[in-house]
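Colleague: Got a minute to go through this model with me? I'd like to start with the strands and then move on to the ligand.

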Amino acid sequence: MGFLSLLRLIMLLAILYLWLFLPRHTFDAPNALGACLQMTIMRNEVAVIGAGTAGLITARRLAELDVPVTVYDRKKVLGYPVRASGILSIAGLRELGLDYGRTVTNTLYGARIHAGKEVMHVESDGPKAHVLDRQKLNDLCYDEAVAQGAEVVLERKVDDQMLGELERKGIVVGADGAVSHVARHFGMGDIGRYCLTYKAEFNIEADDARMVDLFFDNKVSPGLFGWVCPNSKDILEIGIGLDSTHGNAKDAFDRFATSGAVSGMIAGSKQLGAGASMIPMSRRRRIVDAKRKILLVGDAAGQVKPSTGGGVIFGGNAAIMAAEGVREELDGRKGLLEYEKRYNRKYALDTMIHSAANRIYSGLGTQSIGYMIRLFNLFKMGGFLGRYGEMDMPSLVFRNILQGGSGF
Ligand SMILES: Cc1cc2nc3c(=O)[nH]c(=O)nc-3n(C[C@H](O)[C@H](O)[C@H](O)COP(=O)(O)OP(=O)(O)OC[C@H]3O[C@@H](n4cnc5c(N)ncnc54)[C@H](O)[C@@H]3O)c2cc1C
């Protein structure tokens, strides 16, 4: 036997040995592929931090799109205690696709805007906004997310170590509110401006339960306003917001609630509940880090209307866009960046208009706002805004005028 024949024989025996004695799955191509896929899936886990409305709407949409998702929240009882109001435009609510009927406690047709002794009535013929029970709204978002297949883990405060682990496994969505730990951990920049708030409920009927009252007085509530909202037929909510650089919201609330205009409205009533909170008044510098697969939604991203601090509609719509972006990212497209682009396309212009409105009324004294109201009343602007205005998307006013529609 020559050297070459000997070599061939050794190679043949080696192949025979490997075939007979090595574990079968070593050469099992489908299994090896399965293991690879498994690893890919591991790296594509989606974690949502925060089970407020934004986090739960994100989770609901992800689950609808067949993306397995886990939501973590530090709270034991979601949405509790309630620190926010629930005035949401009917048009905006429809966009969120929530079955919100059972959460409605009142329906609004307009607003009375006060500055000093001047008042402007912005009133529509039809209902423009609902007041929702915020606790029930949170419960509804939870039920809908879980019904679609999302997993929600309560009493789990996400810290730096856990964020490191979640980042290694896949995509992290920060929906953890105005003071977002996710944003800080991943260096997503700051929110330029916050408002501090304080609100309380009183068991008394409103004189007109179809109207919310907004009070502009930059000595009491610089940077935002005070409000009196009929939450239901016999519950009035009194609240105040002021720029965080201008002191204490509880002190401002006490001054507001005892002022002539408001004290009369709640005279003889009992206070039911009260609490302080805060609202981000501008967008966070970054809402997406596509490389690290991090994105922010809701208050964590500063997705609110700077004219009023309302954030459920903007944050909820952003949540839907974020979930759709995550689905696309998992399908190999640049979905996270698309999320940011889509949000800007939809809301950048209106956010600018809301911001400008906030800058105008924040920069004017109460007397000047009073003069403005007097001027507006002269030109019957209240009726015009009641007919053509849009509380979320002021840019649509022009479209409404052209189409002859109405709004508040
Ligand atoms: C006084 C007041 C009145 C308002 N009125 C209105 C209104 O009329 N209409 C409107 O549209 N908007 C209103 N807003 C704004 C609105 O409430 C917010 O924009 C909205 O609730 C934001 O939802 P979110 O899910 O982004 O954040 P949040 O509701 O703040 O939810 C964040 C969640 O993250 C959890 N979390 C935080 N950190 C961690 C962590 N480290 N680990 C795990 N979980 C964590 C929290 O427990 C919480 O459940 C108001 C706000 C205030 C304060």
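Colleague: How many bridges join β12 to β13, and do they run parallel or antiparallel?

Modeller: This is a predicted model, to be clear. In it, 6 bridges join β12 (residues 226-232) to β13, and the two run antiparallel. They form a hairpin with 2 residues between them. To find the register, look at Trp 227, whose bridge partner in β13 is Gly 239.

Colleague: What pairs with β13 besides that, say β10?

Modeller: β10 and β13 pair over 8 bridges, in the antiparallel sense. Phe 202 has Leu 236 in β13 as its bridge partner.

Colleague: Is β13 mostly covered or mostly open?

Modeller: Mostly covered: of the 9 residues in β13 (residues 235-243), 8 are buried.

Colleague: OK, over to β5. How many of its residues are buried?

Modeller: 5 of the 6 residues of β5 (residues 110-115) are buried, so the strand is largely enclosed by the rest of the structure.

Colleague: And which way does β5 pair with β6, and with β11?

Modeller: With β6 (residues 118-123) the pairing is antiparallel, over 6 bridges. With β11 (residues 211-215) it is parallel, over 5 bridges.

Colleague: Give me some residues to click on. What stands opposite Gly 110, and what is the partner of Arg 112 in β11?

Modeller: Gly 110 stands opposite Glu 123 in β6. Arg 112 has Asp 213 as its bridge partner in β11.

Colleague: What is the phi of Gly 116 in the β5 and β6 hairpin?

Modeller: Gly 116 takes a positive phi near 60 degrees, in a hairpin with 2 residues between the strands.

Colleague: Changing topic: what is the strand order in the open sheet?

Modeller: The order is β8-β2-β1-β9-β16-β15, so to speak from one edge to the other, with 6 strands and mixed pairing. β8 (151-153) and β15 (288-289) stand at the edges with a single partner strand each, so one side of each is left without a neighbour in the sheet.

Colleague: And further in, how does β1 pair with β2 and with β9?

Modeller: β1 (residues 45-49) runs parallel to β2, with 4 bridges joining them. β1 also runs parallel to β9, joined by 5 bridges. Val 48 is a handy marker here: it stands opposite Val 71 in β2 and opposite Val 173 in β9.

Colleague: Where does Val 173 lead in β16?

Modeller: To Leu 295, which stands opposite Val 173. β9 and β16 (residues 294-296) pair in the parallel sense over 3 bridges.

Colleague: Is β9 enclosed or open?

Modeller: 4 of the 5 residues of β9 (residues 170-174) are buried, so β9 is largely enclosed by the rest of the structure.

Colleague: Let's do α3. How many of its residues are buried, and what covers them?

Modeller: 11 of the 12 residues of α3 are buried, so the helix is largely enclosed by the rest of the structure. The buried residues include Arg 60 and Arg 61. The cover includes β1, β2 (69-72), β9, α4 (90-96), α5 (134-148) and α10 (312-330).

Colleague: What is its span, and what happens just after α3?

Modeller: α3 (residues 53-64) reaches 16 Å from its first C-alpha to its last, close to the 16 Å expected. Just after α3, Asp 66 takes a positive phi of about 65 degrees.

Colleague: Now the ligand. Which residues are the closest to it?

Modeller: Gly 50, Gly 52, Gly 177, Gly 298 and Gly 311 are the closest, out of 38 residues that surround the ligand. By type, the shell has 14 nonpolar, 16 polar and 8 charged residues.

Colleague: Which elements supply at least two residues of that shell, and which domains give at least three?

Modeller: Elements that each supply at least two include α3, β3 (87-89), β10 (194-202), β14 (271-280) and α10. Domain 2 (44-79 + 140-190 + 284-353) and domain 3 (87-133 + 193-281 + 359-403) each give at least three residues.

Colleague: Last one, the whole protein: how many helices and strands, and what share of residues is buried?

Modeller: There are 14 helices and 16 strands, and buried residues make up 45% of the 408 residues.

Technical notes
Residues are numbered from 1 along each chain as its sequence is written. This is a predicted model: local features need pLDDT of at least 70, side-chain atom pairs count only at pLDDT 80 or more; totals for chains, interfaces and linings use all residues. A residue is buried if 20 or more other C-beta atoms lie within 10 Å of its own, exposed if 12 or fewer, and partly exposed in between; C-beta atoms are placed from the backbone. Two strands pair if DSSP finds at least two bridges between them. The expected span of a helix is 1.5 Å times one less than its number of residues. Two residues are in contact if their C-beta atoms, placed from the backbone, lie within 7 Å. A residue is near a molecule or strand if its C-beta atom, placed from the backbone, lies within 6 Å of it. Ala, Val, Leu, Ile, Met, Phe, Trp, Tyr, Cys and Pro count as nonpolar, Asp, Glu, Lys and Arg as charged, and the others, Gly among them, as polar. Domain bounds come from an automatic or database domain assignment.
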